Amino acid sequence: KLEDTHRSVIAAAYENLAGTNQVHRAILSMLDPLEFEHFVANLAGNVADILRVDAVRLVLESAEIGSAAAEPVANRLGGVVTLVPAGWIDAALGDGAAPRPVTLRQVQGGAAELYGGDGAGAIRSEALMRVDFGPGCLPGLLVLGSADADLFRPNQGTDLLAFFAGVFERVMRRWLA
């Protein structure tokens, strides 16, 4: 019985190390692009591949939804960036007084606003990471979606994803500056 416990502990340690290495590789890939459009495309490409997720989306709250200024941005960064009205993120997460920085949940098909009509049905679990772009900026949400219902579960730890989101925030602040 003791040997089985040791094996379980060792297996968990190796799994944690593999997850840490995976997040570190994704962060390094996220730091590579020199242009914003390449940065956004890299999120859905190389970063998604490294993290083994089916979708990466960046949800940005905007006061200019439906305006002529927002349309070109949405079209240029389409597929990865979704513009939503102010307050949408809090409403979508259903958070009360103390919002969590990372929410893991299992779903029966993701939200069509996030994943598009075709891709939404395949999503079975998602990680939702709040991002703060600094004073005077509306919040954002970095979303990782997976067809694997067990990839993101509410009982999992979120430290690595919180770290990933923190690096993402800082990179985005530089792009926004």
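This is a short walk through the structure above, from its overall layout to a few of its residues.

The model is a predicted one, in which local features need pLDDT of at least 70 and side-chain atom pairs count only at pLDDT 80 or more, while totals for chains, interfaces and linings use all residues. Residues are numbered from 1 along each chain as its sequence is written, and side-chain values use heavy atoms, with hydrogens and water left out.

Let us begin with the overall plan. The protein has six helices and five strands; helices (H or I, at least four residues) and strands (E, at least two) are DSSP runs, numbered from the N terminus. Following the sequence, you meet them in the pattern α-α-β-α-β-α-β-α-β-β-α. The protein has 177 residues, and 41% of them count as buried. Buried means under 20% relative accessible area, exposed means over 50%, and partly exposed lies in between, with a 1.4 Å probe and protein chains only. About 9,900 Å² of the protein is exposed, and carbon and sulfur atoms supply 55% of that area; accessible areas come from the Shrake-Rupley method with a 1.4 Å probe, and for residues only the protein chains shown count as cover. Among contacts (heavy atoms within 4.5 Å) between residues at least 6 apart in sequence, 63% join residues at least 24 apart.

A good place to look next is strand 4, residues 125-131. Seven of its seven residues are buried, so strand 4 is largely enclosed by the rest of the structure. In a regular strand the side chains alternate between the two faces of the sheet. Here both faces are covered: S125, A127, M129 and V131 are buried on one side, and E126, L128 and R130 on the other. Strand 4 also has partners, where two strands pair if DSSP finds at least two bridges between them. Strand 3 (residues 102-106) runs antiparallel to strand 4 and is joined to it by five bridges; in one of these pairings, Q106 has S125 as its bridge partner. Strand 5 (residues 140-146) is also antiparallel to strand 4, with seven bridges between them, and there A127 has L144 as its bridge partner.

Just along from these strands, D148 sits in the loop between strand 5 and helix 6. It touches D54, R124 and S125, leaving aside residues up to four places away in sequence. D148 is partly exposed, with a relative accessible area of 40%. In strand 1 (residues 55-62) you can find S62, which counts as buried at 16% relative accessibility. With residues up to four places away in sequence again set aside, S62 touches V84, P85, A86 and L138.

Now for the charged pairs. Side chains of opposite charge can pair when their charged atoms come close. A salt bridge is a side-chain nitrogen of Lys or Arg within 4 Å of a carboxyl oxygen of Asp or Glu, and by this rule there are five salt bridges. One of them joins D90 and R130 (3.0 Å, N to O). This pair links distant parts of the chain, 40 residues apart, with D90 in helix 4 (residues 88-93) and R130 in strand 4. D90 is partly exposed at 42%, whereas R130 is buried at 17%. Another joins R173 and E169, with the closest N and O atoms 3.7 Å apart. Both of these residues lie in helix 6, four residues apart, or about one turn of the helix. Salt bridges that share partners also join E3, D4 and R7 into one network.

Aromatic rings make pairs too. Rings of Phe, Tyr and Trp (its six-membered ring) pair if their centres lie within 6.5 Å; planes under 30 degrees apart count as stacked, over 60 as edge-to-face and the rest as tilted. Four aromatic pairs are counted this way. The rings of F39 and W175 have centres 5.9 Å apart and planes at 35°, so this pair is tilted. F39 is in helix 2 (residues 36-51) and W175 in helix 6 (residues 159-176), so the pair ties together parts that are 136 residues apart in sequence. F39 is buried, with a relative accessible area of 1%, while W175 is partly exposed at 29%. Ring pairs link F36, F39, F168 and W175 into a cluster.
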